[in-house]
Amino acid sequence: MDGVSPEQQALVERLEELRAEHDALNREVDAIAENGVVDQLKFARLKKEKLRIKDLISEVEDQITPDIIA
(Lines give C-alpha, C1' and ligand atoms only; values in the text may rest on other atoms or scores of the structure.)
Protein backbone atom coordinates (compact mmCIF):
# COMPACT_ATOMS: atom_id res chain seq x y z
CA MET A 1 0.00 0.00 0.00
CA ASP A 2 1.29 3.49 -0.76
CA GLY A 3 0.18 4.98 2.57
CA VAL A 4 -2.80 6.91 1.19
CA SER A 5 -6.16 6.29 2.80
CA PRO A 6 -9.21 5.68 0.59
CA GLU A 7 -10.67 8.98 1.84
CA GLN A 8 -7.55 10.88 0.88
CA GLN A 9 -7.44 9.16 -2.52
CA ALA A 10 -11.06 10.22 -3.11
CA LEU A 11 -10.12 13.80 -2.23
CA VAL A 12 -7.20 13.73 -4.65
CA GLU A 13 -9.48 12.41 -7.41
CA ARG A 14 -12.08 15.10 -6.63
CA LEU A 15 -9.35 17.74 -6.75
CA GLU A 16 -8.27 16.54 -10.20
CA GLU A 17 -11.89 16.68 -11.41
CA LEU A 18 -12.37 20.21 -10.07
CA ARG A 19 -9.12 21.41 -11.64
CA ALA A 20 -10.14 19.94 -15.00
CA GLU A 21 -13.56 21.61 -14.75
CA HIS A 22 -11.93 24.93 -13.80
CA ASP A 23 -9.54 24.69 -16.75
CA ALA A 24 -12.41 23.96 -19.13
CA LEU A 25 -14.34 26.98 -17.84
CA ASN A 26 -11.22 29.10 -18.13
CA ARG A 27 -10.83 28.15 -21.80
CA GLU A 28 -14.53 28.88 -22.43
CA VAL A 29 -14.30 32.31 -20.76
CA ASP A 30 -11.17 33.11 -22.79
CA ALA A 31 -12.87 32.01 -26.03
CA ILE A 32 -15.92 34.18 -25.31
CA ALA A 33 -13.70 37.17 -24.51
CA GLU A 34 -11.67 36.71 -27.72
CA ASN A 35 -14.80 36.29 -29.85
CA GLY A 36 -15.70 39.95 -29.47
CA VAL A 37 -19.45 39.35 -29.32
CA VAL A 38 -19.97 38.79 -25.63
CA ASP A 39 -23.13 37.52 -24.01
CA GLN A 40 -22.60 39.43 -20.77
CA LEU A 41 -24.98 37.26 -18.76
CA LYS A 42 -23.33 34.01 -19.88
CA PHE A 43 -19.88 35.55 -19.35
CA ALA A 44 -20.79 36.61 -15.80
CA ARG A 45 -22.25 33.16 -15.02
CA LEU A 46 -19.13 31.40 -16.26
CA LYS A 47 -16.85 33.66 -14.25
CA LYS A 48 -18.97 33.12 -11.13
CA GLU A 49 -18.84 29.35 -11.65
CA LYS A 50 -15.06 29.55 -12.07
CA LEU A 51 -14.80 31.32 -8.71
CA ARG A 52 -17.08 28.76 -7.06
CA ILE A 53 -14.95 25.91 -8.35
CA LYS A 54 -11.77 27.70 -7.28
CA ASP A 55 -13.19 27.92 -3.75
CA LEU A 56 -14.02 24.19 -3.85
CA ILE A 57 -10.48 23.45 -5.00
CA SER A 58 -9.14 25.38 -2.01
CA GLU A 59 -11.44 23.48 0.37
CA VAL A 60 -10.34 20.10 -0.98
CA GLU A 61 -6.67 21.11 -0.88
CA ASP A 62 -7.13 22.11 2.76
CA GLN A 63 -8.64 18.71 3.53
CA ILE A 64 -5.74 16.93 1.84
CA THR A 65 -3.05 19.01 3.55
CA PRO A 66 -4.50 20.47 6.74
CA ASP A 67 -2.70 23.37 8.39
CA ILE A 68 -0.19 22.27 10.98
CA ILE A 69 -0.18 24.50 14.03
CA ALA A 70 3.41 24.90 15.18
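# Two Helices and Their Charged Side Chains

Glu28 has a relative accessibility of 31%, so this residue counts as partly exposed. The structure in which Glu28 is examined here is a predicted model. In this model the protein chain contains two helices and zero strands. This briefing considers the overall form of the chain, two buried residues and the salt bridges.

**Overall form**

- The protein chain has a radius of gyration of 16 Å, whereas a compact globule of 70 residues would have a value near 11 Å.
- The C-alpha trace of the protein chain spans about 50 × 30 × 15 Å along its principal axes.
- Among contacts in the protein chain with a separation of 6 or more, 69% are accounted for by residues 24 or more positions apart.

**Surface and charge**

- Of the 70 residues in the protein chain, 19% are buried.
- The protein chain has an accessible surface of about 5600 Å², and carbon and sulfur atoms contribute 53% of that surface.
- The protein chain carries 10 positive and 17 negative charges, and the mean positions of these two sets are 9 Å apart.

**Two buried residues, His22 and Lys50**

- His22 is located in helix α1, which covers residues 6-35.
- Is His22 buried or exposed? His22 is buried, because its relative accessibility is 17% and the cut-off for a buried residue is under 20%.
- Leaving aside residues up to four places away in sequence, His22 touches Lys50, Ile53, Lys54 and Ile57.
- Lys50, one of the residues that His22 touches, belongs to helix α2, which covers residues 40-64.
- With residues up to four places away in sequence again left aside, Lys50 touches His22, Leu25, Asn26 and Val29.
- Which side chain of opposite charge is nearest to Lys50? The nearest is that of Asp30, 5.8 Å away, and Lys50 is buried yet has no salt bridge.
- The distance from Lys50 to Asp30 is 5.8 Å, whereas a salt bridge requires the nitrogen to be within 4 Å of a carboxyl oxygen.

**Salt bridges between the helices**

- Side chains of opposite charge can pair when their charged atoms come close.
- How many salt bridges does the structure hold? The structure holds four salt bridges, including the three described below.
- Arg19 and Glu61 form a salt bridge in which the closest N and O atoms are 2.4 Å apart.
- This pair links distant parts of the chain, as Arg19 is in helix α1 and Glu61 is in helix α2, 42 residues apart.
- Arg19 counts as partly exposed because its relative accessibility is 39%.
- Glu61 has a relative accessible area of 29% and is therefore partly exposed.
- A further salt bridge joins the side chains of Lys42 and Glu28, with an N to O distance of 3.7 Å.
- This pair also links distant parts of the chain: Lys42 lies in helix α2 and Glu28 in helix α1, 14 residues apart.
- Lys42 has a relative accessibility of 38% and so counts as partly exposed.

**A salt bridge within helix α2**

- The side chains of Glu49 and Arg52 meet in a salt bridge, with an N to O distance of 2.7 Å.
- Where do Glu49 and Arg52 lie? Both residues lie in helix α2, three residues apart, which is about one turn of the helix.
- Glu49 is partly exposed because its relative accessible area is 25%.
- Arg52 likewise counts as partly exposed, because its relative accessibility is 42%.

Terms used
Residues numbered from 1 in each chain as written. Predicted model: local features only at pLDDT ≥ 70, side-chain atom pairs only at ≥ 80, totals over all residues. Heavy atoms only, no water. Helix = DSSP H or I, 4+ residues; strand = E, 2+ residues; numbered from the N terminus. Rg over C-alpha atoms; globule rule 2.2 N^0.38 Å. Buried < 20%, exposed > 50% of the residue type's maximum accessible area, 1.4 Å probe, protein only. Contact = heavy atoms within 4.5 Å. Areas by Shrake-Rupley, 256 points an atom, 1.4 Å probe, with all protein chains shown as cover. Lys, Arg positive; Asp, Glu negative; His and termini not counted. Charge placed at Lys NZ, Arg CZ, Asp CG, Glu CD.
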